[in-house]
Amino acid sequence: MSNAFLGSTIPTREELGQGGQGAPGRVPRPPWLKTKLRTGPNFADLKQLVRGLDLHTVCEQASCPNIYECWEAREATFLILGDRCTRRCGFCDIATGRPGALDREEPVRVAEAVARMGLRFAVVTGVERDDAPPVEVAGIWAATIAEIRKRVPGCGVEVLTGDLKGHPEAIETVLAAEPEVFAHNLETPRRLHRTIRPGFRYDRSLEVLRLAKSVRPHVPTKSNLIVGMGETFDEVVEALGDLRSAGVDLMTIGQYLSPSMDHHVPVHRWVRPEEFDEYRRIGEELGFAWVEAGPLVRSSYHAGKQYRAASAHLRPSRA
């Protein structure tokens, strides 16, 4: 696994020359990024449910700012393949390290949680597992979709996979299980990609999405961009064009929030709501079936609503 473990490749703030004495403190968030902590019975119930089934959620692992809203609405994004990622991205708060063995029973427990939560649309993401063959990892993805369908007939499933090393058979294995949405996140424009996502490759991510669309043209594909990490407006527009050219149907764009001062890329700027509105407009002009853009938007935020809203636009292309 030594060739795959990329845990030390992201420069810290100190290595970027921004640490040490005199380093800037955390910049206060603007008014449009402030959220209220709202914990109620549903939040507590979901927390107990996740713990009881020995599951993980990206809501907690990635410090999502929408966790209180989503959990109170009984929405959650399940994180499969363990809680240790073999890659380290500069924006991500999921722990990096040597993962344990693949858990063959995890798909059954995810399906049980979906049933207990009463979900009609489930979102599943996962850590990167460069320690295991891509087809074997893809088998866990496919089994998770199948178990959810078996336990909760009629439940829609969106999967947000890694790049599976661009392995065609692995991508086809996931798509053969017929998820409602196949998502893979590009996250940042080409210029910043190698620095912020050193374990990934910009063109390989585009190829994953392109291959997914060619294998199952009727399955909507989806991607995400995070802004505020040093990209320019034109670079975001260029990335949107690249994603649309790869056949991506659904697009989400949100503000970067640095999980820590020392071990993550610093926030470069706070993107104003008006700029997100412009990204949405441009995305719609490019032909995306749905563009969700806003300061607190995340890839899985209101995913079921996004899918339903986009379905009407996608149906004509399926004929």
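Lys213 is buried here, with a relative accessible area of 17%, and the cut-off for buried is under 20%. Keep in mind that this is a predicted model. Besides that lysine, there are two nonpolar cores and one cavity of 30 Å³ or more to look at.

**Around Lys213**
- You'll find Lys213 in helix H8, which covers residues 202–215.
- Skipping neighbours within four places in sequence, Lys213 touches Val219, Pro220 and Thr221, plus Ala246, Gly247 and Asp249.

**The nonpolar cores**
- In soluble globular proteins, nonpolar side chains tend to be buried together.
- The largest nonpolar core here runs to 39 residues, and Leu81, Val114, Trp141, Ile148, Ile171, Val174 and Phe182 have the most contacts inside it.
- At least two residues of this core come from each of strands E2 (77–80), E3 (121–126) and E4 (156–160), and from each of helices H4 (106–117), H5, H6 (168–176) and H8.
- H5 supplies the largest share of this core, at seven residues.
- Leaving out neighbours within four places in sequence, Trp141 is in contact with Ile80, Leu81, Val124, Thr125, Gly126, Val159, Leu160, Thr161 and Val174.
- There's also a second, separate core of 20 residues, with Leu209, Val271, Tyr279 and Phe288 among them.

**The cavity**
- The largest cavity has a volume of about 90 Å³.
- Its lining is made of 15 residues, and Glu128, Arg129, Val137, Leu164 and Lys165 lie nearest the centre.
- Sorted by class, that lining has seven nonpolar, five charged and three polar residues.
- Helix H5 (residues 134–151) turns up again, giving the most to the cavity lining with three residues.

Conventions. Residues numbered from 1 in each chain as written. Predicted model: local features only at pLDDT ≥ 70, side-chain atom pairs only at ≥ 80, totals over all residues. Heavy atoms only, no water. 1 Å grid on protein atoms, 1.4 Å probe; cavity = no way out; pocket = protein on both sides within 12 Å on 5 of 7 lines; lining within 4 Å. Points joined across faces, edges and corners; volume = space filled by probe spheres on them. Helix = DSSP H or I, 4+ residues; strand = E, 2+ residues; numbered from the N terminus. Nonpolar A, V, L, I, M, F, W, Y, C, P; charged D, E, K, R; others polar. Buried < 20%, exposed > 50% of the residue type's maximum accessible area, 1.4 Å probe, protein only. Contact = heavy atoms within 4.5 Å. Core = buried A, V, L, I, M, F, W, Y, C linked by side-chain atoms within 4.5 Å.
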